[in-house]
Amino acid sequence: MTMRNLIYVAALLAFAAPAAAQEASTDALLDSLDARITRLEDMNDIERLQRTYGYFVDKGQWTHLSELFTEDATLEIGGKGIFVGQDRVLEYMQVAFGPDGANVGMITNHMQFQTVVNTSPDGQTGWLRGRAFVMASSGWGLPLYEDEFEKGEDGVWRISRLTGPFTMYTNWEGWGENALNNTWPDKFNPPPDLPPSTVYLTYPAYYIAPFHYPNPVTGEVFAPDTATVGAYHRPPGTAEQMESLGVGRQVDGTQPIALPPRE
């Protein structure tokens, strides 16, 4: 029902119902409208946060970027592995890409498209799926984000898990002739805290990142392979290895908490 229709229904109720019923109906309607407005504001805030991340990447604003994350957030870009905690997010950016600030001869454009945002029923957790087109001095690539967000006690949304597997990466000669490997843990410093959550191949292979939401029309879940890895972090079957498999894990659309929009 549109906002115009809701207001129209409210007006009809005001004329048709007794005073006590009118008051109760009006309160219920206002509560419903307030919940919908809050949800829309949350979705806008999450998308704005994701886009802000991209603009901070553009100009090497690593300190500002790290402050977008929760204290215990995880970050996983490409196939390098998982970094745990806000401090490690900052260390990864500053060691791998240099100190804060744009440098002479540097080009990094982090353009983001096709975002799909959902929030949990209690409004405390959010998810975003989106594609980025990244142009950098070293080449260009296409990461696909499946990120998770938390609303803090201060009412501010922060990134709690950023997962950006690359579907294609290449140098400036072009992906048709020079598609490059996915990144790997020992390619550059610093080393990750945990191994990659999933091992996959970039173009010309094709990896489908799990969707955090079901089909919004049919409710059917599309859940591609979500197998996790990490046996080399600790011996298979040990408590540490099993714990590592749960860090940074993505929702896959089958979990009740990741509900599609109802409006």
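A search of the whole structure, which is a predicted model, finds eight salt bridges. In general terms, side chains of opposite charge can pair when their charged atoms come close. One of these salt bridges joins Asp 45 to Arg 48, with the closest N and O atoms 2.8 Å apart. Because the two residues are three places apart in helix α2, Asp 45 and Arg 48 are separated by about one helical turn. Asp 45 is partly exposed, its relative accessible area being 30%.

A second salt bridge is formed by Arg 88 and Asp 193, whose closest N and O atoms are 3.0 Å apart. This pair links distant parts of the chain, since Arg 88 belongs to helix α4 and Asp 193 to the loop between α5 and α6, with their positions 105 residues apart in sequence. The surroundings of the two partners can be described by their accessibility: Arg 88 counts as buried at 16% relative accessibility, whereas Asp 193, at 31%, counts as partly exposed. Arg 88 and Asp 193 also take part, together with Glu 91, in a network of salt bridges.

The side chains of Glu 146 and Arg 129 likewise meet in a salt bridge, with a distance of 2.8 Å from N to O. Glu 146 lies in strand β5 and Arg 129 in strand β4, so this pair ties together parts that are 17 residues apart in sequence. Both Glu 146 and Arg 129 are buried.

The chain as a whole contains six helices and seven strands, and from the N terminus on its elements follow the order α-α-α-β-β-α-β-β-β-β-β-α-α. Of the 263 residues in the chain, 41% are buried. The accessible surface of the chain comes to about 14,400 Å², and carbon and sulfur atoms account for 58% of that surface. Among contacts between residues at least 6 apart in sequence, 62% join residues at least 24 apart.

The largest nonpolar core has 26 residues, among which Tyr 53, Phe 69 and Leu 75 touch the most other members. At least two residues of this core are supplied by each of α2 (19–58), α3 (62–66), β1 (69–77), α4 (86–97), β4 (125–136), β5 (139–151) and β6 (157–164). Helix α2 gives the most to the core, with five residues. When residues up to four places away in sequence are not counted, Tyr 53 touches Leu 65, Leu 68, Phe 69, Ile 77, Met 93, His 110, Tyr 145, Ile 159 and Leu 162.

Aromatic side chains form a further set of contacts, and the count comes to 13 aromatic pairs. The rings of Phe 83 and Tyr 92 have centres 4.6 Å apart and planes at 40°, and the pair is therefore tilted. Tyr 92 also pairs with Phe 97 in an edge-to-face arrangement, with 5.7 Å from centre to centre and 90° between the planes. Phe 83 is buried, with a relative accessible area of 1%, and Tyr 92 is buried as well, with 2%; Phe 97, by contrast, counts as partly exposed at 43% relative accessibility. These three residues belong, along with Trp 62 and Phe 188, to one aromatic cluster.

On the surface, Tyr 206, Ile 208 and Phe 222 form a nonpolar patch, which together has about 340 Å² of accessible area. Ile 208 is found in the loop between α5 (175–178) and α6 (239–245), and at 33% relative accessibility it counts as partly exposed.

Several features of the backbone may also be noted. Most residues other than glycine have a negative phi, and most peptide bonds are trans. A cis peptide bond, with omega about 0°, joins Asn 189 and Pro 190, and Pro 190 lies in the loop between α5 and α6. The peptide bond from Tyr 203 to Pro 204 is also cis, with omega near 15°, and Pro 204 has its place in the loop between α5 and α6. Gln 114, a residue other than glycine, has a positive phi near 55°. Gln 114 is found in strand β3, which covers residues 108–119, and counts as exposed at 58% relative accessibility.

Finally, Gln 255 has its place in the segment after α6 and counts as partly exposed at 35% relative accessibility. Gln 255 and His 212 are 43 residues apart in sequence, and their C-alpha atoms are 8.5 Å apart in space.

Methods. Residues numbered from 1 in each chain as written. Predicted model: local features only at pLDDT ≥ 70, side-chain atom pairs only at ≥ 80, totals over all residues. Heavy atoms only, no water. Core = buried A, V, L, I, M, F, W, Y, C linked by side-chain atoms within 4.5 Å. Buried < 20%, exposed > 50% of the residue type's maximum accessible area, 1.4 Å probe, protein only. Helix = DSSP H or I, 4+ residues; strand = E, 2+ residues; numbered from the N terminus. Contact = heavy atoms within 4.5 Å. Patch = residues over 30% accessible without salt bridge, like charges linked within 9 Å, V, L, I, M, F, W, Y side chains within 5 Å. Areas by Shrake-Rupley, 256 points an atom, 1.4 Å probe, with all protein chains shown as cover. Salt bridge = Lys/Arg side-chain N within 4 Å of Asp/Glu carboxyl O. Phe/Tyr/Trp six-rings, centres within 6.5 Å; stacked < 30°, edge-to-face > 60°.
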